[in-house]
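Trainee: Got a minute to go through this one with me? I'd like to start with the helix packing and then move on to the RNA.
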Amino acid sequence: MKEYTPISEFKNHVGEEVTVAGWCYSKRSSKKLYFINVRDGSGICQVVAFLPALGEEIGKICESLDQETSIIVKGKVKKDDRQIGGYELEMTYIEVVGESKDYPITPKEHGVAYLMEHRHLWLRSKRQHAIMRVRHNIVKAIRDFFNNRGFINVDAPILTANAAEGTSNLFETDYFDDKAYLSQSGQLYMEAAAMAHGKVYCFGPTFRAEKSKTRRHLTEFWMVEPEVAYMSLDEDMELAEQFVEYVVQTVVANCEEELKVLERDVEKLKAVKAPFPRVSYDEAVEILKVKKQEYAASDDEEKRKMSEDILKNGPGDDLGAADETVIGSMHDRPVMIHRYPAAVKAFYMREDPKQPGRALAFDMIAPEGYGEIVGASEREADISVLERKIVEHNLSLEAFKWYLDLRKFGSVPHSGFGLGVERTVSWLCGLTHVRETIAFPRMMDKIWP
RNA sequence: UCCUGGAUAGCUCAGUCGGUAGAGCAGAUGGCUGUUAACCAUCGGGCCGGGGGUUCGAGUCCCUCUCCAGGAGCCA
């Protein structure tokens with residue numbers, strides 16, 4: 001590596017001459033003085049060039065700089081509290097590495113469609129830079145949490161032969177003379193791995209061909225899925241709340257600068273401490289019935305409109321987005337809604353022996369309207385029940401032959417959950433749409449760049 | 001797939017009653033030793049998304065197609 005000094009390390013080089021390799025972020029000038037904001041990936045710093053001391057040649061170079069021209073600059077680091085990073089570079093030398101004419105993204109406002117078309121360049125912008133760093137910290141915290149608790153990372157395949165939950169939202173691809181599908185969950189494979197290692201997790205991309213056009217959906221998204229042998233649903237809830245608390249508090253501790261750039265209200269994140277409230281599906285429905293009346297009678301037109309969407313699916317059916325928002329907004333931390341009607345949930349979820357018709361499953365709803373971030377359940381361990389449910393869900397017993405083996409050879413109670421990384425990033429960054437949480441989002445109508 | 005709203009300068013938008021178009025930013029040129037989305041002056045820049053219709057006349061009204069945004073369902 002060459003001896004370039006990262007801008008983020010300026011605090012250790014005050015008074016020294018350093019070399020910075022980066023890009024021109026913006027430029028202001030008067031006749032004899034240039035102020036060049038340089039970004040190098042680690043940070044942004046103002047470089048000051050006093051032309052009478054530097055000569056005509058350097059003046060010409062400064063004059064020629066456009067937004068995103070790549071440059072190598074030498075200069076002396078000065079502490080300057082007026083600057084955003086707290087430091088300033090007094091230029092002694094500058095060299096252009098690559099020019100940049102008519103850079104499409106100006107410091108002024110742009111529309112969403114335009115920015116998405118230029119996603120490969122948009123990543124350089126301050127907000128996007130901050131989001132990617134928060135995401136990096138979230139991913140690191142996720143791995144650290146499980147690695148530090150004796151979980152083994154066993155990744156699931158991306159190309160699969162059959163579907164976990166029906167074939168309607170699967171991406172299909174040719175697999176030699178056969179068909180294969182892109183994975184929509186690693187869970188079934190993690191159940192196999194948990195029987196080998198006890199505590200496991202997978203972490204990778206998953207794919208859903210849902211024609212969803214909302215702020216919470218991507219067709220390709222990352223999910224972490226822990227699975228633990230001999231773990232009950234209640235223990236699963238404890239694991240999930242400790243996990244989410246750890247991820248959130250790690251980000252609060254490590255991403256102060258980034259959250260400031262994103263203007264995130266950090267106090268709201270600091271409140272995310274276990275235990276999280278637990279609400280049963282039946283309790284949720286009772287709460288929602290009251291809220292529906294309350295909203296319908298409200299002076300606020302928005303609430304009256306929302307009232308129509310509350311319990312729109314009818315009692316006994318799954319909760320909708322409006323229901324989640326209402327329950328979620330009642331607390332300052334995530335809420336776990338558990339024991340949904342078994343009929344609306346996946347075949348592999350165990351029914352509650354104490355409450356027939358209810359599944360041992362929970363969803364974790366993030367506060368501030370960010371919706372479901374975790375889906376979880378205790379898995380059915382009894383082979384005969386599982387076989388019956390596979391048939392009831394119109395799935396092929398043949399396709400699940402290997403999965404049923406797990407119940408044939410030393411079946412044990414086990415549970416796990418899946419956390420959506422993009423929704424978590426969106427929540428922690430306070431974004432309005434998950435499309436900004438991943439470098440190159442894949443959506444229903446967008447697969448470029 | 002359904003519902004709603006859009007498409008006008010490179011970008012973000014305004015455009016009155018139907019009478020062939022305007023701002024800010026960006027770009028170019030000039031000015032300024034401390035600027036932070038710098039400022040001041042000047043200049044260039046338009047198939048008003050495509051097609052059809054109504055009209056003497058359409059950016060504006062109607063139909064249609066395409067694309068975009070927001071929402072629903074489904075989900076993480």
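Mentor: α13 and α14 are roughly antiparallel to each other, because angles over 145 degrees count as such and their axes cross at roughly 155°. Keep in mind that this is a predicted model.

Trainee: Within what distance do the axes of α13 and α14 come?

Mentor: The axes come within 9 Å, with α13 covering residues 383-392 and α14 covering residues 401-408.

Trainee: Which residues meet there?

Mentor: From α13, I383, L386, E387 and I390; from α14, Y403, L404, R407 and K408. By class, that contact has five nonpolar residues, three charged and no polar.

Trainee: OK, switching to the RNA. Which residues come nearest to RNA strand B?

Mentor: There are 45 residues around RNA strand B, and E88, K108, R215, I373 and R423 come nearest.

Trainee: What does I373 do there at the atom level?

Mentor: A backbone N or O atom of I373 is 2.5 Å from a sugar or linking oxygen of the strand. Several elements give two or more residues to the surface near RNA strand B, including β1 (17-29), α3 (112-117) and β15 (371-379).

Trainee: Which element gives the largest share?

Mentor: β15, with four residues.

Trainee: And which parts of the RNA do K31 and Q83 approach?

Mentor: K31 has a polar side-chain atom 3.2 Å from a phosphate oxygen. For Q83, a side-chain N or O atom is 2.9 Å from a base oxygen.

Trainee: How does the surface near RNA strand B split by class?

Mentor: It has 19 charged, 15 polar and eleven nonpolar residues. On the RNA side, 49% of the strand's atoms within 4 Å of the protein belong to sugar or phosphate, and the rest to bases.

Key:
Residues are numbered from 1 along each chain as its sequence is written. Chains are lettered from A and ligands numbered from 1 in the order in which they are written. This is a predicted model: local features need pLDDT of at least 70, side-chain atom pairs count only at pLDDT 80 or more; totals for chains, interfaces and linings use all residues. Side-chain values use heavy atoms; hydrogens and water are left out. Axes are lines fitted to C-alpha atoms, for helices over the stretch in contact, and angles run from 0 to 180 degrees between N-to-C directions. Angles under 35 degrees count as roughly parallel, over 145 as roughly antiparallel, 65 to 115 as roughly perpendicular and the rest as oblique. Contact means heavy atoms within 4.5 Å. Ala, Val, Leu, Ile, Met, Phe, Trp, Tyr, Cys and Pro count as nonpolar, Asp, Glu, Lys and Arg as charged, and the others, Gly among them, as polar. A residue is near a molecule or strand if one of its heavy atoms lies within 4 Å of it. A polar contact is a pair of N or O atoms within 3.5 Å; within protein, one must be able to donate a hydrogen and the other to accept it, and residues adjacent in sequence count only if both atoms are side-chain atoms.
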